[in-house]
Amino acid sequence: MNPPKSPFRRLAAIAAGALIGIAGVVTFAAPASAHHSEIKVVADCDTATGEWVVNWTVNSYAPGGVNNYKFSEVSAKTYVGEVASDATIVGIAVTEGDTYPHAVSEAVKATQRLDAKTTKASLSVRAMWDNKFEDDQLRSKSIEFSGTCAKEQPPVPATPKPTANVSSDCDGDVVVKLENAEDATAPAKFTITGSDGFTERATVKVGKNESVKVPAKNAATIKVVADGLDKPLFDGVPAAAENCVEPGEPAGSYKSTCTELIFDIANPADGKPVTITFTPNKGKAQTLTVEPGKSGTVTFPAQEGLTVTPAAEGLDDSSPIAWEKPANCTPGQGGGDKDEPTLPLTGAATGGIIAGAVVLLAAGAALFVVARRRRVRFTA
């Protein structure tokens, strides 16, 4: 009969079995935990080309004595929305045969350039080391692109686009219209010069216009220059205005009576204001301004030897006009004469005197020019 087994021997056997199992686990688990790969990825937009630039880094880890490894499986994909496409990453590829090109101590780095429309990229690798140990699973990493990637446009040079239009009005003034086109990228600077020292500068913003008025006295010749241009925009004599209607000309008349020298000025409604100064050789001068559609009168007391000289802006002829005593004045009328009483004249003699008076009243017309291209004609 065999003696009963000691409980201590049973416990010892269980403990020994457990130690053997633990040793086996450590033996087989150690390579798995010591061999593995790790993927890192960063991306940025290359604004020079408008592409996503993806930088991949793969690190390999192995226990001591393992020096090299290779990729036994590689899978790279790109996505546009939900649509996936296979991709190739130069530098990260499967190596066939018994070659292990990558050192465990050095990271494998590769750059991938992707279209700006790409929304996601991924990479999966399985490594095998020179001790024939292989990753038990694919190691994967992906990156999603946020925002947009666009090619940076080169800076647009600051360029004005100036133009000029020169036109005359019926008064002889010239209007220079300056413009800078809407597609210009900088303000346009102009210099306008005319005759007799006229100069004016103007700056016109993009898509805007301005006008410079050159008075008639400075508009004989005009030159318009824009900064940055080799040739003037305009250089010469402005064309005369067309279809101009001349303003009405004032009409002047005068007459001598026994007691006064009278001047009458009538200005038509389509005329312009006219100002005339009447200067007598005896007494004070008088000035008369007549607006369009109006008339005015100036009188001077009659006296022997009286002359009155009209004067106005632009007057070509300023001949004096003399008071002439009418023949039918009664004794004591006009000129300060000390006439003796006489009998009234009747019959044929009276008719002759009247005819002579008419001739005298029609004599003595003088022509003046008042303002530009306007005349005042005095008729007796």
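Strands β7 and β8 (residues 139-144) run antiparallel and are joined by 6 bridges. Strands here are DSSP runs of E with at least two residues, numbered from the N terminus, and two of them pair if DSSP finds at least two bridges between them. This is a predicted model, in which local features need pLDDT of at least 70 and side-chain atom pairs count only at pLDDT 80 or more, while totals for chains, interfaces and linings use all residues. Residues are numbered from 1 along each chain as its sequence is written, and side-chain values use heavy atoms, leaving out hydrogens and water.

**Strand β7 and its partners**

Let's stay with β7 for a moment. Opposite Val125 you will find Arg139 in β8. Strand β7 also pairs with strand β3 (residues 68-80), in the antiparallel sense and over 10 bridges. Within that pairing, Ser124 in β7 is the bridge partner of Ser75.

Why is β7 largely enclosed by the rest of the structure? Of the 10 residues in this strand (residues 120-129), 9 are buried, so the rest of the structure largely encloses it. Buried means under 20% relative accessible area, exposed means over 50%, and partly exposed lies in between (1.4 Å probe, protein chains only).

**Two residues to compare**

Now look at Ser85 and Thr78. Contact in the table means heavy atoms within 4.5 Å, and neighbours within four places in sequence are left aside.

| Residue | Strand | Relative accessible area | Contacts |
|---|---|---|---|
| Ser85 | β4 (residues 83-87) | 37%, partly exposed | Ala76, Lys77 and Thr78 |
| Thr78 | β3 | 15%, buried | Val83, Ala84, Ser85, Ala87, Gln112, Leu114, Thr118, Lys120 and Ala121 |

Ser85 appears among the contacts of Thr78, and Thr78 is one of the contacts of Ser85. Ala121 is also in contact with Thr78. The C-alpha atoms of Ser85 and Ala121 are separated by 9.5 Å, and these two residues are 36 residues apart along the chain.

**An open sheet**

Which order do the strands of the open sheet follow? Its 4 strands are arranged as β12-β11-β14-β15, with antiparallel pairing. At the edges are β12 (199-204) and β15 (234-236), each of which pairs on one side only. On average, neighbouring strands of this sheet are turned by 20° against each other, direction ignored; the axes are lines fitted to C-alpha atoms (for helices over the stretch in contact), and angles run from 0 to 180 degrees between N-to-C directions.

Inside this sheet, 5 bridges link strand β11 (residues 188-194) with strand β14 (residues 222-226) in the antiparallel sense. You can find one of these links at Ile192, whose bridge partner in β14 is Val224.
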